[in-house]
Amino acid sequence: MSVATTSLADVASSEAALRAFLHGLPGVDRVGADQRAAMLGTRSIKTTAKAQAIDLAISMVDLTTLEGADTAGKVRAMCAKAVHPGGDAPRVAAVCVYPDLVEVAVRALAGTGVKVASVATAFPSGRSSLEVKVSDTALAVAAGADEIDMVIDRGAFLSGRYLKVWQEIAAVKAACGGAHLKVILETGELATYDNVRRASWLAMLAGADFIKTSTGKVAPAATLPVTLIMLEAVRDFRDASGRQVGVKPAGGIRTTKDAIKNLVLVHETAGDDWLSPDWFRLGASSLLNDLLMQRQKLATGRYAGPDYFTLD
C-alpha cells in the first residue's frame with residue numbers, strides 16, 4: 001500500500017482533510033484477509049522453535065485484571081506472578097490494572113523491569129468528556145503508570161467525526177507525558193475491516209505508540225483477520241512516516257496455540273522488527289497459565305494440571 005509521506009503532516013488540518021485521507025486508504029479485501037489469516041493460522045511450529053515461541057509469547061503478555069471486584073491483594077499476587085511466572089520462565093511485559101490500583105502495582109513491581117499499564121479515559125465505554133479523560137490519564141501517570149490504554153469514542157468514529165477522535169487521542173497523548181499510549185479501537189464495534197484500517201491510521205496519526213484491538217469486554221475481540229489488518233497498518237505507517245507503532249491484540253487469546261498464531265502473523269505480515277515486547281503485546285488474563293503448562297510439557301514430557309499454577 002502506498003501513502004504519500006507529504007500528506008501526513010496536514011492530514012488533520014480539518015475534518016474534510018482527515019476524512020479524505022482516511023477514506024482514500026485502499027479498501028480491505030475481506031475474503032482475502034480472512035483467507036490469509038486462516039492460512040497463517042495453520043502454520044505448525046515444533047520442538048526448539050516452539051519452546052522459543054512460548055518464551056517470547058510469555059515475555060509479551062500484558063497480565064491483566066480489570067474487574068469491579070479487583071483488590072490490592074489480587075493485584076499484588078498478580079504482580080508476583082508477572083515477575084516469576086513459574087520455574088525459569090521469563091517475566092511478562094506488563095501488568096494492566098484500573099487507575100486506582102496503579103500505586104499498588106508500582107510498589108509491587110519496583111525494580112523488576114515489568115511495566116505498569118493502566119486503562120483510562122472512561123474504560124471500557126469511552127463515554128465521558130475530554131476533560132475527564134485527560135484527568136483520568138494524568139492521575140494514572142502521576143501514580144506511576146508507564147503505559148496508558150485509552151479507548152476511542154466509537155460513537156464519534158462511526159458517525160464520521162474523525163477530527164474529534166483525533167483531537168481526543170492527541171490530548172490524551174499529551175497528558176501521558178513520558179508514558180506510552182496504547183489506543184484501543186474496540187474492533188468488535190467497528191463493523192467493517194475498512195473501519196479497522198481507518199481507525200488504526202487515525203490513532204497512529206494522532207500519536208499512538210500502540211494500537212490495540214479491544215477492551216476484552218466486547219465480542220468479537222482479537223480475531224486473527226483484525227490483527228492482520230492492524231499489522232499491515234503499522235507496517236505501512238512506518239513506511240510512510242518513519243515511525244514504528246506497536247500492536248496489541250487483547251480479548252479471547254487464551255491458549256498457546258492462539259499466541260503462536262499471532263506470532264506467525266507478526267512475522268509474516270509486519271516482520272521481525274515487531275517480534276519484541278517493545279512492539280507487540282498480548283493482552284490476556286488466562287493465557288499465561290496455558291503457556292506455562294505447554295512450556296512444562298516441552299521440558300518434561302508431561303503436563304502439569306491447571307491447578308499447579310496460580311489463577312491470578
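Which residue in β6 does Val183 stand opposite? Hi everyone, let's find out together. One caution before we look: this is a predicted model, where local features need pLDDT of at least 70, side-chain atom pairs count only at pLDDT 80 or more, and totals for chains, interfaces and linings use all residues. Residues are numbered from 1 along each chain as its sequence is written, and side-chain values use heavy atoms, with hydrogens and water left out.

So, the answer: Val183 faces Ile211 in β6. Strands here are DSSP runs of E with at least two residues, helices are runs of H or I with at least four, and both are numbered from the N terminus. Strand β5 covers residues 180-184, and four of its five residues are buried, meaning under 20% relative accessible area with a 1.4 Å probe and protein chains only (exposed is over 50%, partly exposed in between).

β5 has partners in β4 and β6. Pairing takes at least two DSSP bridges between two strands. Strand β4 (residues 147-151) runs parallel to β5, with five bridges joining them; Glu147, for instance, is bridged to His180. With β6 (residues 210-212), β5 pairs over three bridges, again parallel. Add helix α9 (residues 193-205) between β5 and β6 and you get a right-handed β-α-β unit: with the strands pointing away from you, the path from the first strand over the helix to the second runs clockwise.

Now, cysteines. How many disulfides are there? Zero, taking a disulfide as two cysteine sulfur atoms within 2.5 Å. The sulfur of Cys79 has its closest cysteine sulfur in Cys96, 11 Å away, so that is too far for a bond. Cys79 is buried at 1% relative accessible area, and Cys96 is buried at 0%. Thanks for listening!
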